[in-house]
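Biologist: I would like a close look at a single part of this model, and then a walk outwards from there to whatever surrounds it. Please keep to what the coordinates show.

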Amino acid sequence: MKEQLEKLREEALLLISGAEDFAALEGARVRFLGKKGELTAILKQMGSLSPEERPVIGQLANAIREALDEAIASRRQYLEDKALSERLVKEELDVTIPGTPVKMGHRHPMSIVLQEATDIFISMGFSVAEGPEVELSEYDFDRLNIPVGHTVREWQDTFYVTEDEAVHLRCQTSPVQVRVMEKTKPPIRIISPGRVYRKDEVDATHSPMFHQIEGLVVDKGVTMGDLKGTLNALVRRLYGPETKTRFRPHHFPFTEPSCEVDVQCFICGGAGCRVCKGEGWIELLGAGMVHPKVLQMSGIDPDVYSGFAFGIGLERMTMLRFDIDDMRLLFENDMRFLSQFQGV
Ligand code: PHE
């Protein structure tokens, strides 16, 4: 039995030290040390030994088990080290090689101006409301006091979606006023930026799709003075603290009185130049006191509440802000134009 054990030790050590991978090593362990392994098989015959032989063989068997355990552990360590160094070689990374440059995008000039204007209004206590671009004519026209027969309701001005003229692409952001008023009790203080659509030919100052920022304030005791103060605060923050404004009487069906607001040309200071077309003033927006009928149609009592509203063209604001003389540049996605706004 002693020779049997010696032979086993020799054979096992050879196999273990030659194991090329973890599977082979595990195979060797199971074969010699496993429950049904060769060492166990030999030990099962211990019963046939004499009492003198038994402790001697027992000791030898234990020594062999320990030797094999050790050999397996050291071989496993060797295989692990080898696998690691192979991986390190394979995954070698040269951190000194220059990286592939990542092209950073940046905001569109209109997004820049919209963000600026939004920040200004939010600082004055406004919140942002949104409305659908495909709008009910009821909201965009009827409830804004724009009666059947008004020119903006004609097919040549409006993109109708349904034959019965009940649904169209909104031609202004003013329907959001109605949507907010019918859901919210005063005090109301919102702006609503978004796309609007009109059947205009494309030229340097027109596009069938453009953007407006609507504003609406409704509360007790709101006056034209609040409207002027708010809009003055806006233009001063956008175009500088010295900026002068001019409020001209105008007509909108949904405001009474109505006005258009011009800013004194900040290029020439009012003397007249190319940007203001010699006028000294640049038209910026339409505004007015919300018509009592409009309040009433949205369930707000005009004897208790009053309000003002305004609508600013975002393209116009952007063109003024960056001295852009052709609106088409804003929509053509020409990188030579757009890349000038990197980092603005
Ligand atoms: N909706 C008007 C337009 O598109 C602008 C406006 C809004 C005027 C709110 C007065 C009040 O021209």
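Where does Pro-187 lie, and which elements come before and after that place?

Modeller: The model is a predicted one. Pro-187 lies in the loop that connects helix α7, residues 175–183, to strand β4, residues 188–197. Its peptide bond with Pro-186 is cis, with omega of about 0°. A cis bond is also found between Glu-256 and Pro-257, where omega is about -5°. Pro-257 is located in strand β7, whereas Pro-187 is in a loop.

The two elements on either side of the Pro-187 loop lead into the sheet. Helix α7 lies across β4, β5 (209–219) and β9, and runs at about 35° to β5. The sheet is open and has seven strands, in the order β1-β4-β5-β9-β8-β7-β6, with mixed pairing. Its edges are β1 (127–128) and β6 (245–252), each of which pairs on one side only. At the β1 edge, two bridges pair β1 with β4 in the parallel sense. Val-128 has Ile-191 of β4 as its bridge partner.

Strand β5 comes next to β4 in the sheet order, and Gln-212 is one of the residues in β5. Gln-212 has a relative accessible area of 12%, so it counts as buried, the cut-off being under 20%. A polar atom of the Gln-212 side chain is 2.9 Å from the backbone nitrogen of Thr-173. Beyond four places in sequence, the contacts of Gln-212 include Ser-192, Pro-193, Gly-194 and Val-196, as well as Ile-312, Gly-313 and Leu-314. Gln-172, Thr-173 and Arg-198 are also in contact with Gln-212.

Thr-173 itself is in the loop between β3 and α7. With a relative accessibility of 0%, Thr-173 is classed as buried. Besides Gln-212, residues touched by Thr-173 include Ser-192, Gly-194, Val-196, Ile-213 and Glu-214, again leaving out residues up to four places away in sequence. Ser-192, Gly-194 and Val-196 are therefore contacts of Gln-212 as well as of Thr-173, since contact means heavy atoms within 4.5 Å. The C-alpha atom of Thr-173 is separated by 9.0 Å from that of Gly-215, which is 42 residues away along the chain.

Further along the sheet order is β8, between β9 and β7. Of the ten residues in β8 (residues 281–290), eight are buried, so this strand is largely enclosed by the rest of the structure. Towards β7 (residues 255–264), β8 runs antiparallel and is joined by eight bridges. Towards β9 (residues 306–313), β8 is again antiparallel, with five bridges. Gly-288 can be followed through both pairings: Gly-288 is the bridge partner of Ser-258, and it stands opposite Ala-309 in β9.

The loop between α6 (137–140) and β3 (167–169) precedes the Thr-173 loop and deserves a look for its backbone angles. Asn-145 is in this α6–β3 loop. The phi of Asn-145 is near 65°, which is positive although the residue is not glycine. Glu-165 belongs to the loop between α6 and β3 too, and its phi is likewise positive, near 65°, in a residue other than glycine. Asn-145 has 18% relative accessibility and therefore counts as buried. Glu-165 has 29%, so it is classed as partly exposed.

Earlier in the chain is helix α5 (residues 109–123). For its 15 residues, a rise of 1.5 Å a residue gives an expected span of 21 Å, and the end C-alpha atoms are 21 Å apart, so the two agree. Its buried residues are Pro-109, Met-110, Ile-112, Val-113, Ala-117, Thr-118, Ile-120 and Phe-121. Just after α5 comes Gly-125, with a positive phi of about 95°.

As for the chain as a whole, it is divided into domain 1 (2–90) and domain 2 (109–341). The C-alpha centres of the two domains are 87 Å apart in this model. To return to your starting point, Pro-187 is in the loop between α7 and β4, and it follows Pro-186 through a cis peptide bond.

Conventions
Residues are numbered from 1 along each chain as its sequence is written. This is a predicted model: local features need pLDDT of at least 70, side-chain atom pairs count only at pLDDT 80 or more; totals for chains, interfaces and linings use all residues. Side-chain values use heavy atoms; hydrogens and water are left out. Buried means under 20% relative accessible area, exposed over 50%, partly exposed in between (1.4 Å probe, protein chains only). Helices (H or I, at least four residues) and strands (E, at least two) are DSSP runs, numbered from the N terminus. Two strands pair if DSSP finds at least two bridges between them. The expected span of a helix is 1.5 Å times one less than its number of residues. Domain bounds come from an automatic or database domain assignment. Axes are lines fitted to C-alpha atoms, for helices over the stretch in contact, and angles run from 0 to 180 degrees between N-to-C directions. A polar contact is a pair of N or O atoms within 3.5 Å; within protein, one must be able to donate a hydrogen and the other to accept it, and residues adjacent in sequence count only if both atoms are side-chain atoms.
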